[in-house]
Amino acid sequence: MEYVETVQGPVRADSLGKTLIHEHFFFGYPGFQGDLTLGGFDFEEKKQRGIEVAKLIQEQGVDTVVDPTPNECGRHVELLKAVSEATGLTIICATGYYYEGEGATPYFKFRQQLGTAEEEIYQLFMEEITNGIEGSGIKPGIIKLASSKGVITDYEQMFFRAAVKAQKETGIVLLTHTQEGTMGPEQAKMLIEEGADPKKMVIGHMCGTTDLTQHLHVLKQGAYLAMDRWGLQGIVGAPTDEERLTVLSALLSSGYEDQLFLSHDTVNVWWGRDPVMPEPLLELLQHWRPDHLFRHILPDLMERGIMTDTQMNQIFQSNAAQLFGRKSTPAEMEERLGAEEK
Ligand SMILES: [Zn+2]
């Protein structure tokens, strides 16, 4: 059994317990740094808000949260560590950059023109994985990757290739953002062809599409698939929870529970000013909370006989232990590559 890095240091992968694979304690769209006059930054105040979020999550019996906030979207590992220390919740943080449309692209685009970007991204990943983030000694447990709607852009591909290179040397888990449920199979294919291990890969936000063939195409490549936006309804292209339920039922009845993660992708504390949501959106987002699955969705699934206790434990406990604790054997890797060529 292998160890995984958390904001409080390495822990055994089989000790993670009940895990939410994708929630943001603190997140800001790049640009928030320019609005700090009104948005403010008070470490203690943010920490208290983070602690409240952690407690809400712990009330549902959750032991571990993966917070995949990209480097340029307000990742703050000292804050995460303070929240983890105060509550006992295990938190895994990330290294990585957001997708082209909503990330801070000028920095590495400039370096892309110079021809040095990809190597520098790889160096960034390796330094943070082996020595820690910004001098804190806190190490990421995952690399966050992201692609755009309908395309993995040249800019984004640099991060994908650099991440695979880093995974080959360190065994770190890769976790992705897909935009509106597109490019999931293509992400898995590209990563595997570059040499990544599908058993150490989570293709995220796949509940952004109701097209089951997309889900199956990811799962058949051996990767984990995350339906990780429960409660996030009403934004462009997002299916409703009811539509997500239909997809999930189909995947469970096909026996894919050992490759699935469920989460909410909540943003609990925004960097910058708190956004003011219009009334209709507030209504649609009322359940976009990190306890929504446990309070509403899972009880409903159990009652309707769609999910068993065994499947629930597999999804929320065993899969995290396996993702962080196992890797493919050389023979399994060969087989994957072969399967993709057919
Ligand atoms: Zn997210």
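**Figure 1. Surroundings of Lys18 in the predicted model**. Not counting residues up to four places away in sequence, Lys18 is in contact with Gln60, Gly61, Val62, Asp63, Thr64, Phe294, Phe316 and Gln317. Lys18 itself lies in the loop that runs between strand 2 (9-12) and strand 3 (19-20). Although buried, Lys18 has no salt bridge. Asp63 provides the nearest side chain of opposite charge, at 7.5 Å; because a salt bridge requires the nitrogen and the carboxyl oxygen to be within 4 Å, a pair at that distance does not qualify.

**Figure 2. The zinc site**. Three residues coordinate the zinc ion: His22 and His24, each through NE2, and Asp265 through OD. The coordination distances are 2.0 to 2.2 Å. Along the chain, the donors are arranged with the spacing H-x1-H-x240-D. His22 and His24 are both buried.

**Figure 3. The hairpin of strands 1 and 2**. Strand 1 (residues 3-6) pairs with strand 2 in the antiparallel sense, and the pairing comprises 4 bridges. One of the bridge partnerships is that of Thr6 with Gly9, the latter in strand 2. The hairpin connection from strand 1 to strand 2 consists of 2 residues.

**Figure 4. The salt bridge between Arg12 and Asp14**. Side chains of opposite charge can pair when their charged atoms come close. Here the side chains of Arg12 and Asp14 form a salt bridge with an N to O distance of 2.8 Å. Arg12 is classed as partly exposed because its relative accessibility is 39%. Asp14 falls in the partly exposed class too, with a relative accessibility of 40%.

**Figure 5. The salt bridge between Lys149 and Glu180**. The closest N and O atoms of this pair are 3.1 Å apart. The contact links distant parts of the chain, the two residues being 31 residues apart. Lys149 belongs to the loop between strand 8 (142-146) and helix 6 (154-170), whereas Glu180 belongs to the loop between strand 9 (173-177) and helix 7 (184-194). Lys149 counts as exposed because its relative accessibility is 52%, while Glu180, with a relative accessible area of 22%, is partly exposed.

**Figure 6. The salt bridge between Glu332 and Lys199**. The side chains of Glu332 and Lys199 meet with an N to O distance of 3.2 Å. This pair also links distant parts of the chain, at a separation of 133 residues. Glu332 is located in helix 13 (residues 330-341), and Lys199 in the loop between helix 7 and strand 10 (201-203). Glu332 has a relative accessible area of 25% and is therefore partly exposed.

**Figure 7. A salt-bridge network of Glu45, Arg49 and Asp274**. Salt bridges link Glu45, Arg49 and Asp274 in a network. Over the whole structure, the search finds 21 salt bridges.

**Figure 8. Thr308 in the loop between helix 11 and helix 12**. The loop that holds Thr308 lies between helix 11 (292-303) and helix 12 (309-325). Thr308 is partly exposed because its relative accessible area is 41%. Leu298 is 10 residues from Thr308 along the chain, and the C-alpha atoms of the two residues are separated by 9.8 Å.

Terms used: Residues are numbered from 1 along each chain as its sequence is written. This is a predicted model: local features need pLDDT of at least 70, side-chain atom pairs count only at pLDDT 80 or more; totals for chains, interfaces and linings use all residues. Side-chain values use heavy atoms; hydrogens and water are left out. Buried means under 20% relative accessible area, exposed over 50%, partly exposed in between (1.4 Å probe, protein chains only). Donors are N, O and S atoms within 2.8 Å of the metal (3.2 Å for Na, K and Ca); water is not among the atoms, so sites may look incomplete. Lys and Arg count as positive and Asp and Glu as negative; His and the chain ends are not counted. Contact means heavy atoms within 4.5 Å. Two strands pair if DSSP finds at least two bridges between them.
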